[in-house]
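Open the model in your viewer and get ready to select as you read. We will make a few stops.

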Amino acid sequence: MSDEKYDVHATEAKWLKVWNDLDPFKADDAKVLGGHKQKYYALTMFPYPSGDLHMGHAEVTALHDVIARYRWLRGYEVLNPMGWDSFGLPAENAAIKNNEHPATYTYANIETQYESFKKFGISFDWSRRLHTSDPEYYRWTQWLFLKFRERGLAYRKNSPVNWCPSDQTVLANEQVVDGKCERCGAEVTKRELTQWYFKITEYAQELLDDLEVLSKTWPDRVVTAQRNWIGRSEGAHVDFTVHTASGDETVTVYTTRPDTLYGATFMVVAADAPLAAKLCAPERQAALETYVNEVRKASDIDRLSSERPKTGVDLGVTATNPVNGEQIPVWASDYVLADYGTGAIMAVPAHDQRDLDFAKAMSLPVRRVIDTGEPNPEETFVATSGDGVYVNSGPLDGISDKVSGIRTITADLEGRGTGKGAVNFRLRDWLLSRQRYWGVPIPVVHCESCGEVGVPEDQLPVTLPELRGADLKPKGVSPLAAATDWINTVCPQCGGAATRDSDTMDTFVDSSWYFLRYCSPGNDNAAFDSTLANAWMPADIYVGGVEHAVLHLLYARFFTKVLADMGLLETREPFAAQLNQGFVINHGKKMSKSLGNGVHLGSQLEEFGVDAVRLTLVFAGPPEDDIDWAEVSPAGSLRFLQRALRLADDVTSEPGVDVTSGDLALRKTTARTVTDAAELVELYRFNVMVARVMELVNATRKAIDSGCGGADPAVREAVEVVAQLLSMVAPYTAEEMWSRLGHQPTVARSTWPEVDPALLVQDSVVAVVQIQGKVRARLDVSPDISAADLEAAAMADEAVQKALEGQQIRKVIVREPKLVNIVV
RNA sequence: GCCCCGGUAGCCCAACGGCAGAGGCAGAGGUCUUAAACACCUUCCAGUGUGGGUUCGAGUCCCACCCGGGGCACCA
């Protein structure tokens, strides 16, 4: 036995070189296409190249790698690719600051992260590496955009968008944090701009429906978040006639409560929608304009507050309620959203709190049409929304439940031709334009005579012009607009003078299809090879952060469905199963620069080595839970690894020795461990799997020191299993063990240990005898004992008899072979 | 305000409705050592947030509440 300390860094250097030469994790398309091996696509969210890898990257990839390596051991052909989501704002900011090109920052960081990933020993297939900022990649992002546009799924419209007045740029929703610009902290306002959108709403129903299947294999919170985001609601469209200065206009409102139509006492339209100005009486136009300007100025902080007092302006016109002919006033307010439903509502203050608040603020009438038995909202100013008896409601009077009420009024409206049942979604179309440099140029040319013209496929990619430093500073329009040589071009259709679209795409477009590119990277003829994509897709597991519960995961699902409709893909869902890891925190708090509580991955690797850090991350707890680095012990992990490694030196039998003659007890423990480990990995219970391996290590140590001894074949069997199981978590140590056991690399591509089913059968089990649920005796019995025999054995037990003395037995519950409960 | 998730030993975490403890961290004692570290062995420690209910039997299922974390929040 060697006494020397485990030199982790020397071991890392030694095996890293061997693995580089062996390249053991290259996925072989042919094996999958030929049906020789079953495929497993292990996908993990690709990183953004900002600086070197941190604890978060270490955690995701350590967890992910357990799954990928497990599948290799189980004999699958595993596709485990990695790349970089390399367009985006941080590189642009760095470029402005350092007067350089964003590519400099981006590709330097990619190299750094690449080296770190390799050292971290993750079983990635590096031959499939991709970067979304490479022209070879974004050429196909542009191609996809054009295909979407051909199908009417990419279009331009004028709409209010998030605007940072300080940075002079449009912001994505996710870049607005608590109503402020995440970059400069300025309060975000709205601005009306013509922008490109993807028509994701066309897929709203399918995106919702397919969640049903995903709910079995996706985390609940992700499924719920997507359901909420899509936000399907059922109701009705109701047509009101508004009497304007220039004649009657039909205005359709959307409501989920058409049954309260008789309680509508006014109508409200979104103040910032064109409809408001159209309906407004001439003498009220000035007031409306003043109000809209105020609304525009309001920051998101104010707009988001539900305690905000209701404001609005009377448009000076009335509308006719289609069911009772009543004339009700029409108002404009910012509490009605322009882009949801029809941008207009019928207000029923008695049964909707928001309408009631508005009615109160503007002294508008309130009329109760459902008597729920609660105090009258006309007096309390507390709206009632439950079931009750309809009053003052024409054909609804006497009905006492919402479902019948809605059904009756909807039929009534449809009969009159003034309304019909309708479905609405909260989901909006996806705004993809960005006034930024470091992204995919939108491949469209604007021509005075031809209008919007897509760049022909043979002219792709439309590459970015060379800009750096100050040229990238935000000026209110995209930096690309200032690159005159680039922006001025000829129309592909008529050959006349034209300009390029100066915007770039949201980086979420890049990441909506990268998992398909991995299936045939470097393909110059297509975005992806359909045959290969069909062979590998869907990804069997997608490991990543829950922060993408809605955006990225919804967009990728949308892309997949469109591509399936284009006939390029068979699957309609990209990710069969999903695992969200928690955060690595420190002393109960998220690591952050401002708190100064960050844990540097590099220094942890330096101190404890790759394997100990990986083991700590995997063993800390369930993968979804946060890991508090202050509460775990990488030093303890390292001690365990040393313990495991030492076992390999104590094995004195030769490789290939017949294990059937080995120590039975140890062999049983080994067999049990292998069987449990498989189940635990498949349930993502990696921490428990590690605990089982620890048990096996302890049992083996005991066998060597005070049991059958190191020469027993069962010891070799156990230690080989330890090496194989440990290879999923601590690849360097496992490889070193495997080598010391006399095997060739690499243990990661060895096999899943075979288990003799006979070893899983127990000779005897401990049966517990309870009286009134309290344990009174334990019996060693055969696992296949009959209920009658077990009961008899229990009754015959001395301690049981003593406890039963003078008691009347009322019932005996027997759960053979483990339990007898006697009720007295 | 609404919706999720969680609360088991000093700490992190295990426990098909059936003996509350698998594993680890920290602590104590011991063996080894000139001594220490390492290693090895032994060991202390809770009745499962609170109150009800279902059951022969509840950490586990149901109800209410408390605490912690996360998400959504003028979507008509």
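A polar contact is a pair of N or O atoms within 3.5 Å. Keep that cut-off in mind for the next selections. Note too that this model is predicted.

**Stop 1: single contacts with the RNA**

Select Arg 646 and RNA strand B. A polar atom in the side chain of Arg 646 sits 2.8 Å from a sugar or linking oxygen of the strand. Now select Ala 620. Here a backbone N or O atom is 3.0 Å from a sugar or linking oxygen of RNA strand B. Then go to Lys 310. What part of RNA strand B does the side chain of Lys 310 reach with an N or O atom? The partner is a base oxygen, 2.6 Å away.

**Stop 2: the whole surface near the RNA**

Widen the selection to everything around RNA strand B. You should find 45 residues. The closest are Tyr 340, Arg 354, Arg 643, Glu 695 and Arg 778. Look at the strand's own atoms that come within 4 Å of the protein: 63% belong to sugar and phosphate.

Colour the surrounding residues by class. They split into 18 nonpolar, 9 polar and 18 charged.

Which element gives the most residues to this surface? Select α25 (686-706). Helix α25 supplies 6 residues. Other elements that give two or more include α23 (634-649), β29 (765-771) and β30 (774-781).

**Stop 3: helix α4**

Move to residues 89-98, helix α4. Its buried residues are Leu 89, Ala 91, Glu 92, Ala 94, Ala 95 and Ile 96. Show α5 (102-119) as well: the buried residues of α4 pack against α5. Just after α4 comes Asn 99, with a positive phi near 50 degrees.

**Stop 4: the cavities**

Rolling a probe the size of a water molecule over the atoms shows where empty space is left. How many cavities of 30 Å³ or more does the structure hold? There are 2.

Keep Glu 92 selected. This buried residue of α4 is also among the residues closest to the centre of the largest cavity. Add Gln 435, Arg 436, Leu 472 and Pro 474, which complete that closest group. The largest cavity has about 60 Å³ of space. Its lining consists of 5 nonpolar, 2 polar and 3 charged residues.

For the second largest cavity, select Trp 19, Phe 25, Arg 69, Pro 731, Glu 735, Thr 746, Val 747 and Ala 748. They line a space of about 30 Å³. By class, this lining has 5 nonpolar, 1 polar and 2 charged residues.

Note on methods: Residues are numbered from 1 along each chain as its sequence is written. Chains are lettered from A and ligands numbered from 1 in the order in which they are written. This is a predicted model: local features need pLDDT of at least 70, side-chain atom pairs count only at pLDDT 80 or more; totals for chains, interfaces and linings use all residues. Side-chain values use heavy atoms; hydrogens and water are left out. A residue is near a molecule or strand if one of its heavy atoms lies within 4 Å of it. A polar contact is a pair of N or O atoms within 3.5 Å; within protein, one must be able to donate a hydrogen and the other to accept it, and residues adjacent in sequence count only if both atoms are side-chain atoms. Helices (H or I, at least four residues) and strands (E, at least two) are DSSP runs, numbered from the N terminus. Ala, Val, Leu, Ile, Met, Phe, Trp, Tyr, Cys and Pro count as nonpolar, Asp, Glu, Lys and Arg as charged, and the others, Gly among them, as polar. Buried means under 20% relative accessible area, exposed over 50%, partly exposed in between (1.4 Å probe, protein chains only). Contact means heavy atoms within 4.5 Å. On a 1 Å grid over the protein atoms alone, a cavity is a set of points where a 1.4 Å probe fits but cannot get out, and a pocket is an open set with protein on both sides within 12 Å along at least five of seven lines; lining residues have an atom within 4 Å of a point. Grid points are joined across faces, edges and corners, and a volume is the space filled by probe spheres set on the points.
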